Amino acid sequence: MDPIPTAVGYVRSDISGVRCQWHEAQIRSLASKLGHDLRRIAIFGPETDRPMHRLRVLASRLRAEAILTPTLEHLGGSVPEPVLEVADVITVSPEETNARWIIPPDAPADMGSW
């Protein structure tokens, strides 16, 4: 893992429409706010073949810790499991994180050595 977490942005041009540049700006702003190094913003349209596969490959190749997107609508309404396997998915609106892994509620806390 890099010292500064990395991210890629993801926008569906057909969903953003005339707000595409605004959505890109929102992604850049959120990346900055969260302290992520935004490596690239992928903008796919309805003609893009296998967009979730391409997003997964892009995130993997860039070793992204997170994928930032304006809303879940850009991902088809929910977070695809194959995408979540490689990176956290963070939406701009509402600002929510879908983590790759969750600490189970019954897991012992690792307090380290005091």
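The points below set out selected features of this predicted model.

1. **Helix H2, length.** Helix H2 runs over residues 20-34. With 15 residues at 1.5 Å a residue, the expected span is 21 Å, and the C-alpha atoms at the two ends are 21 Å apart, so the expected and computed spans agree. After H2 comes Gly 35, which has a positive phi, near 80°.

2. **Helix H2, two sides.** The buried residues of H2 are Cys 20, His 23, Glu 24, Ile 27, Leu 30 and Ala 31. They cover an arc of only 125° around the axis and therefore fall on the same side of H2. The spacing has a simple background: an α-helix has 3.6 residues a turn, so residues three or four places apart point the same way. Gln 21, Trp 22, Ser 32 and Lys 33 are exposed on the other side of H2.

3. **What covers H2.** The cover over the buried residues of H2 includes strand E1 (6-12), helix H1 (13-16) and strand E2 (37-44). Strand E3 (66-69) and strand E4 (88-91) are also included in that cover.

4. **Glu 24.** This residue, which carries a carboxyl group, deserves a separate remark. Glu 24 is placed in helix H2. Its relative accessibility is 15%, and because buried means under 20%, Glu 24 counts as buried. Leaving aside residues up to four places away in sequence, Glu 24 touches Ile 41 and Ile 43.

5. **The largest nonpolar core.** This core has 17 residues, and those that touch the most other members are Val 8, Tyr 10, Leu 55, Ala 59, Ile 67 and Val 89. Two or more residues come from each of E1, E2, helix H3 (51-61) and helix H4 (81-84). H3 supplies the largest share, three residues. Apart from this core lies another, of 11 residues, among them Ile 27, Leu 30, Ala 66 and Leu 68. In general terms, nonpolar side chains tend to be buried together in soluble globular proteins.

6. **Tyr 10 and the aromatic pair.** A search of the whole structure yields one aromatic pair. Tyr 10 and Phe 44 form it in an edge-to-face arrangement, 5.5 Å centre to centre with 70° between the planes. The pair links distant parts of the chain, since Tyr 10 is in strand E1 and Phe 44 in strand E2, 34 residues apart. Both Tyr 10 and Phe 44 are buried. Beyond residues up to four places away in sequence, the contacts of Tyr 10 include Ile 27, Ala 42, Pro 51, Met 52, Leu 55 and His 74, as well as Phe 44.

7. **Salt bridge between Arg 39 and Asp 37.** The count of salt bridges comes to seven. In one of them, the side chains of Arg 39 and Asp 37 meet at 3.1 Å, N to O. Arg 39 is partly exposed, with a relative accessible area of 37%, and Asp 37 is partly exposed at 34%.

8. **Salt bridge between Glu 85 and Arg 56.** The side chains of Glu 85 and Arg 56 also form a salt bridge (3.0 Å, N to O). Glu 85 lies in the loop between H4 and E4 and Arg 56 in helix H3, so this pair ties together parts that are 29 residues apart in sequence. Glu 85 counts as exposed, at 54% relative accessibility, whereas Arg 56 counts as partly exposed, at 26%.

9. **Salt bridge between Arg 100 and Asp 88.** Here the side chains meet at 3.2 Å, N to O. Arg 100 lies in the segment after strand E5 (96-98) and Asp 88 in strand E4, so the pair ties together parts that are 12 residues apart in sequence. Arg 100 is partly exposed, with a relative accessible area of 31%; Asp 88 counts as buried, at 18% relative accessibility. Through shared partners, salt bridges join Glu 65, Asp 88 and Arg 100 into one network.

10. **Val 92.** Val 92 is placed in the loop between E4 and E5. Val 92 is nevertheless buried, with a relative accessible area of 18%. Its contacts, not counting residues up to four places away in sequence, are Gln 26, Ile 27, Leu 30, Thr 69 and Pro 70. Val 92 and Leu 72 are 20 residues apart in sequence and, C-alpha to C-alpha, 9.2 Å apart in space.

How values were computed:
Residues numbered from 1 in each chain as written. Heavy atoms only, no water. Helix = DSSP H or I, 4+ residues; strand = E, 2+ residues; numbered from the N terminus. Expected span 1.5 Å × (residues − 1). Buried < 20%, exposed > 50% of the residue type's maximum accessible area, 1.4 Å probe, protein only. Arc of directions from axis to C-beta. Contact = heavy atoms within 4.5 Å. Core = buried A, V, L, I, M, F, W, Y, C linked by side-chain atoms within 4.5 Å. Salt bridge = Lys/Arg side-chain N within 4 Å of Asp/Glu carboxyl O. Phe/Tyr/Trp six-rings, centres within 6.5 Å; stacked < 30°, edge-to-face > 60°.
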